[in-house]
Amino acid sequence: FQCTEFISDGTEFLREKVRINIVDDVFFLCQYPREQPDCLVDLPVQFSFSWTPQSSLLSIHSQFLAALESLKEFWDVLDEIDDKTWVLEPEKPTRSSTRRRIAIGSSISLNIEIDPRHPTMLPECYFLGADHVVNPLKIKLNSNIHMWNPENSLLKNLKEILEVDFPSREALEKSDFSMDCGICYAYRLDGAIPDQVCDDSHCGQSFHQVCLYEWLRGLPSSRQSFNVIFGECPYCSKQITLKISTKKI
């Protein structure tokens, strides 16, 4: 089947049984127009569209553009974060990514998960760093959470409730926050960056979770309770704790 419909607005049209590329988004159509097309798109939410045998490719296109418009505020929020902070992960975020790990200091970062439908609401927050650095920020978050104002930008709210100024891209380089793993001596390992930190205030060395896991497993003095391993830090020999995540190990 060859489609003769033309789609504008920068859409690239390929006549390979019916295949449409919209930016990085691909629509595959089978048994068009009797069956509803399968659409593969790079969006943070499911793309649902209405379809009848009388529908056209232009109909899908217009519904897709409407979906893009509904996500504009979400992408504006992420663009501000990407432009004004040092994002450690993901290294190359796609338009479907809802997560950002933002540098706060040399040994602490904030992981946020943003709701695409409510991008200015308080996101899921998870701090990564040593307890003596993380705990004060957790206290501020819990104490100031009532100050969150959905009318303000997400970044402004985070600054106010955490009482921090995120490191500026103009004043610092990403390497200032890129601490290599103390075991493999690399920063990025299979796409992951160090996310485990020694809690000792005089140490603070970072490790990849998988590296620390293998290190602790090889120590005779290490012990495990359920999904938590207790052992010695490879650098300072003080106690270090690793909560095992099956998604990462």
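**Figure 1. Residues 1–28 of the predicted model have pLDDT under 50 throughout.** For this stretch the model has 65 contacts beyond four places in sequence. Where pLDDT is low, the predicted coordinates should not be read in detail. Over the protein, the mean pLDDT is 83. Residues at 70 or more make up 85%.

**Figure 2. Four strands form an open sheet in the order β5-β6-β7-β8.** The pairing is antiparallel. β5 (87–89) and β8 (124–129) are the edge strands, each pairing on one side only. From one strand to the next, the twist averages 35°. Helix α3 packs on the sheet and touches β6, β7 and β8. The direction of α3 makes about 155° with that of β8. Helix α4 lies across β7 and β8 and runs at about 135° to β7.

**Figure 3. Strands β5 and β6 run antiparallel and are joined by two bridges.** Val87 stands opposite Ile102 of β6. Glu89 and Arg101 form a salt bridge, with their closest N and O atoms 3.3 Å apart. This pair links distant parts of the chain: Glu89 belongs to β5 and Arg101 to β6, twelve residues apart. Both Glu89 and Arg101 are buried.

**Figure 4. The largest nonpolar core holds 34 residues.** Leu162 and Phe166 have the most contacts inside this core. At least two core residues come from each of α1 (57–70), α2 (72–84), β6 (99–105), β7 (108–113), α3 (131–144) and α4 (154–162). Beyond its neighbours within four places in sequence, Leu162 is in contact with Leu110, Phe127, Leu137, Lys140 and Leu141. A second, separate core has twelve residues, including Cys181, Leu216, Ile229 and Ile244.

**Figure 5. Helix α5 (residues 209–217) has buried residues and a salt bridge.** Gln209, Cys211, Leu212, Tyr213 and Leu216 are buried. Their cover includes β9 (196–197), β10 (206–207), β12 (228–232) and β13 (239–243). The side chains of Glu214 and Arg217 meet in a salt bridge at 3.2 Å, N to O. The two residues are three apart in α5, about one turn of the helix. Glu214 is partly exposed, with a relative accessible area of 42%. Arg217 is exposed, at 53%.

**Figure 6. Lys84 and Glu80 form a salt bridge in helix α2.** The N to O distance is 3.5 Å. Because Lys84 and Glu80 are four residues apart in the helix, about one helical turn separates them. Glu80 is partly exposed, with a relative accessible area of 22%. The salt bridges of the model number nine.

Technical notes:
Residues are numbered from 1 along each chain as its sequence is written. This is a predicted model: local features need pLDDT of at least 70, side-chain atom pairs count only at pLDDT 80 or more; totals for chains, interfaces and linings use all residues. Side-chain values use heavy atoms; hydrogens and water are left out. A nonpolar core is a set of buried Ala, Val, Leu, Ile, Met, Phe, Trp, Tyr and Cys residues joined through side-chain atoms within 4.5 Å. Buried means under 20% relative accessible area, exposed over 50%, partly exposed in between (1.4 Å probe, protein chains only). Contact means heavy atoms within 4.5 Å. pLDDT is the predictor's confidence in each residue, from 0 to 100. Two strands pair if DSSP finds at least two bridges between them. Axes are lines fitted to C-alpha atoms, for helices over the stretch in contact, and angles run from 0 to 180 degrees between N-to-C directions. A salt bridge is a side-chain nitrogen of Lys or Arg within 4 Å of a carboxyl oxygen of Asp or Glu.
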